[in-house]
Amino acid sequence: MDAAAELQEHLDGLTFADRGTDEVTELLIAATVAWAVGRGWRAYRRATSVVPLPPPYEQQFSVVDVGIARPGGSPLVVEVDHADRRRTLDKLAAEAAAGREALWVRWGSGRLAPPPDPIRFVAFPVISRRGPAGGRVHSHTPSRPAPEHSAPEGSYRVVALDPER
């Protein structure tokens, strides 16, 4: 299984309810770090990117949400976003051009459009609603098969609640 598919499977197991936008992003970043560390890889939050910052800070570099060093494999860079940001796509394309495997964890309640190659896509759908304080809150439950609703024939019995006297 490839890294994007493995990360997708790991994130699909998360469960949370009524979390704010920043909380969901942080939860997904932490889960990505845990996934990488669980495989024996080194994971770095806010790892330095190959992309320089715009002027007047061009001597400094942007950061990615998670940088992952894998023995025997190319490094992974992961960006986690709720919004569809062009700057994120440009950053991930530059990382891929530099020899890193670029993964974009994109989360939201609407249609999540995949990015262009060579950026790998990890979609994370959530259910969003207006919270009690008026802001948006988001929830996610793992994908699982629907429960069986009908019992096999003969596994029930009818009991009269008000028998005739």
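This tour moves through a predicted model, taking the whole chain, its two sheets, its helices and one loop residue in turn.

**Whole chain**

Begin with the entire chain in cartoon representation. It holds 3 helices and 8 strands, and from the N terminus these elements follow the order α-β-α-β-β-β-α-β-β-β-β. Switch to a surface display next: the chain exposes about 10,400 Å², of which carbon and sulfur atoms supply 53%. Of the 165 residues, 36% are buried. Among contacts with a separation of 6 or more, 50% join residues that lie 24 or more positions apart.

**The sheet of 5 strands**

Select β2 through β6. These strands form an open sheet in the order β2-β3-β4-β5-β6, and the pairing is mixed. Residues 42-52 (β2) and 120-125 (β6) mark the edges; each of these strands has a single partner, so one side of each is left without a neighbour in the sheet. From one strand to the next, the twist averages 35°.

Now select residues 61-69 and 76-81, which are β3 and β4; 3 bridges pair them in the antiparallel sense. Two of the partnerships can be picked out by residue: I68 is bridged to L76 in β4, and V66 has V78 as its bridge partner in β4. The two strands form a hairpin with 6 residues between them, and in the turn G72 has a positive phi of about 75°.

On the β5 side, the pairing has another sense: β4 and β5 run parallel and are joined by 6 bridges. V78 reappears here, standing opposite L103 in β5.

**Inside β4**

Keep β4 selected and show its side chains. Which residues point which way from this strand? L76, V78 and V80 point one way, while V77, E79 and D81 point the other way. In a regular strand the side chains alternate between the two faces of the sheet. The residues pointing either way from β4, including E79 and D81, are buried. Since 6 of the 6 residues of β4 are buried, the strand is largely enclosed by the rest of the structure.

**Helices α1 and α2**

Add residues 3-12 to the view. This is helix α1, which lies across β4, β5 (101-108) and β6 and runs at about 10° to β6. Then add residues 21-38, helix α2; this helix lies across β2, β3, β4, β5 and β6, at about 110° to β2.

Hide the sheet and keep the two helices. Two packed helices are described by the angle between their axes and the distance between the axes. Here the axes of α1 and α2 come within 10 Å and cross at roughly 120°, which makes α1 oblique to α2. Their crossing is right-handed. To see the contact itself, show A3, E6, L7, H10 and L11 of α1, which meet L28, A31, T32 and W35 of α2.

**The sheet of 3 strands**

Restore the cartoon and select β1, β8 and β7. In that order, β1-β8-β7, the 3 strands form an open sheet with antiparallel pairing. The edges are β1 (16-19) and β7, each with a single partner strand, so one side of each is left without a neighbour in the sheet. The twist here averages 15° from one strand to the next.

Select residues 136-140, strand β8: this strand pairs with β1 in the antiparallel sense over 2 bridges. One partnership to display is that of F16 with H140 in β8. Helix α2 appears at this sheet too, lying across β1 and β8 at about 145° to β1.

**V126**

Finish at V126, which is placed in the loop between β6 and β7 (127-130). Is V126 buried or exposed? With a relative accessibility of 7%, V126 counts as buried, because the cut-off for burial is under 20%. Leaving aside residues up to four places away in sequence, V126 touches F16, W107, G108, S109, H138, S139 and H140. As a last step, draw the C-alpha to C-alpha distance from V126 to T141: it is 8.2 Å, for two residues that are 15 residues apart in sequence.

Definitions and conventions
Residues are numbered from 1 along each chain as its sequence is written. This is a predicted model: local features need pLDDT of at least 70, side-chain atom pairs count only at pLDDT 80 or more; totals for chains, interfaces and linings use all residues. Side-chain values use heavy atoms; hydrogens and water are left out. Two strands pair if DSSP finds at least two bridges between them. Helices (H or I, at least four residues) and strands (E, at least two) are DSSP runs, numbered from the N terminus. Axes are lines fitted to C-alpha atoms, for helices over the stretch in contact, and angles run from 0 to 180 degrees between N-to-C directions. Contact means heavy atoms within 4.5 Å. Buried means under 20% relative accessible area, exposed over 50%, partly exposed in between (1.4 Å probe, protein chains only). Accessible areas come from the Shrake-Rupley method with a 1.4 Å probe; for residues, only the protein chains shown count as cover. Angles under 35 degrees count as roughly parallel, over 145 as roughly antiparallel, 65 to 115 as roughly perpendicular and the rest as oblique. A crossing is left-handed if the near helix is turned anticlockwise from the far one by less than a right angle, and right-handed if clockwise.
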